[in-house]
Amino acid sequence: MPSLKSLKMRITSVKSTQKITKAMKMVAAAKLRRAQEAAEAARPYSERMAAVMASLASRVTVGPESPRLLAGTGKDQVHLLVVCSSERGLAGGFNSNIAKLARRTMEELLGQGKTVKLLFVGKKARAPFARTHKDLIVGTVDMSHIKQVAFADAKAVADEVVTRFEAGEFDVAHLFFSTFRSALNQEPTRLQIIPAALPDGGAAGADAAVEYEPDEEAILADLLPKNLAVQVFRALLENAASEQGSRMTAMDNATRNAGDMINRLTITYNRTRQAAITKELIEIISGAEAL
Amino acid sequence: MAELLDFELVSPERRLAKAKVAMVVVPGTEGDFGVLPGHAPMMSTIRPGAIAIHETDGGPATQRFFIEGGFAEVTETGLTILAEKATPVAEIDVAAVAGQLAAARQAGDEAAVTRLEAMQAAATN
């Protein structure tokens, strides 16, 4: 039976833990709102971009002379997995879910005899891979100094991917991030970014004659790297919202668990105290009776 | 006064402007072009430069934004500009741009020189 003093200390400690988790939950809720607003604000651009890509896709036939970002290298031997995670932990299953999906894909590809390279954005998903597949990691983009993801940050990541692609380091690139559905539900997602998976341009084909200045190919070549940056940007924004949502839920659970624990400990504490009092009384009474 | 043009200026981070205007002059890669209501559908890339927004027909430019790369899409109903980065011309710090320009010239960064020169021209115009 633990002593009264140790029980009391335990309760105090759990109470301060609860205070911390409660504060973290509230901070996450505030940040979630901001992240959601940022994702919302970025939507018009990415929607227009997707529409333009679709209408271009209906006009350009993919051939060997198409830009390589669209047509690919013609091989699919080397795969680059770009895994976006967060810089901080304590966000429930957020990071491990992304890492799990990336690992599954990686093992699948390795099983098919492909070569896999890993590029991490944010350090949290890196650790589990650094233990098992250190030789596959080609780089990590540090995001720890960034509070609010800006387009320039996404562009830097996209530029790095394009540079590596042009250097012939890989044939296919996949992007891993977590899609934000709600504060309770985030879904790890895989998206192929190189070669660009063009949306089906069937509906846009009916458009009136649109003039292109310069021609379609030149616009497409200009647009493809931008589209890549937009996709990375969207992934980072989704990730930011998911991270906060996941942390909020996790911290809410932690706060509730701490509350339960305090209740249980308080009951044990009171019982122990009562038992001690009863024992003392019995001792006094039986002492008096013996006289 | 006749119909107006639906004008939208969006950057990846947010929508900067959405208005009904009379005319917008866009610095296309192959030359500046003005977009009036009823313009034929077209799509063009943009070189770094200022877009001028004319809110009234025949009136002076009421708003100017400096655009760094992007593209313009003209549809039957309006004009959408997707800019990678857009700054209102009035907010350009001329002294800072001149400093950066000198640094870029020294470093031989030609892309930056072109961009900053265009920025300077837009600000002083």
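Start at A:E213, which sits opposite B:S44 in β5(B). That pair belongs to a spot where a strand of one chain runs alongside a strand of the other: β6 of chain A (residues 211–213) and β5(B) are parallel and joined by 3 bridges. Keep in mind that this is a predicted model, with an ipTM of 0.76 and a pTM of 0.84.

**Where the two chains meet**

- Contact between the chains takes in 20 residues of chain B and 20 residues of chain A.
- On the chain B side, the elements that put in two or more residues are β5 (42–46), β8 (70–74) and β9 (78–83).
- Which of the elements gives the most to that side of chain B? It's β5(B), with 4 residues, and β5(B) is also the strand that pairs with β6(A).
- By residue type, the side of chain B that touches chain A splits into 8 nonpolar, 6 polar and 6 charged.
- As for confidence, chain B has an average pLDDT of 85, and 98% of its residues score at least 70.

**The sheet in chain A**

- Chain A has an open sheet of 5 strands, and reading across it you get β3-β2-β1-β4-β5. The pairing is mixed.
- Why do β3 (137–141) and β5 (186–194) of chain A each have a side without a neighbour in the sheet? Both stand at the edges with a single partner strand, so one side of each is left open in that sense.
- From one strand to the next, the twist averages 20°.

**The β4–β5 pair of chain A**

- Strand β4(A), residues 172–180, runs antiparallel to β5(A), and the two share 8 bridges.
- A hairpin of 5 residues links β4(A) to β5(A).
- Two facing pairs help you find your way along these strands: A:L175 is opposite A:L191 in β5(A), and A:F176 is opposite A:R190 in β5(A).
- Don't mix up the two strands called β5: β5(A) is the edge strand at 186–194, while the β5 at 42–46 belongs to chain B.

**The helix across the sheet**

- Helix α3 of chain A (residues 94–111) lies across four strands of that chain: β1 (78–84), β2 (115–121), β4 and β5.
- Relative to β4(A), helix α3(A) runs at about 155°.
- So what does α3(A) lie across at the sheet's edge? Among the strands under α3(A) is β5(A), which has β4(A) as its antiparallel partner.

Notes: Residues numbered from 1 in each chain as written. Chains lettered and ligands numbered in written order. Predicted model: local features only at pLDDT ≥ 70, side-chain atom pairs only at ≥ 80, totals over all residues. Pairing = 2+ DSSP bridges. Axes fitted to C-alpha atoms, helices over the stretch in contact; angles between N-to-C directions. Contact = placed C-beta atoms within 7 Å. Nonpolar A, V, L, I, M, F, W, Y, C, P; charged D, E, K, R; others polar. pLDDT = per-residue confidence, 0-100.
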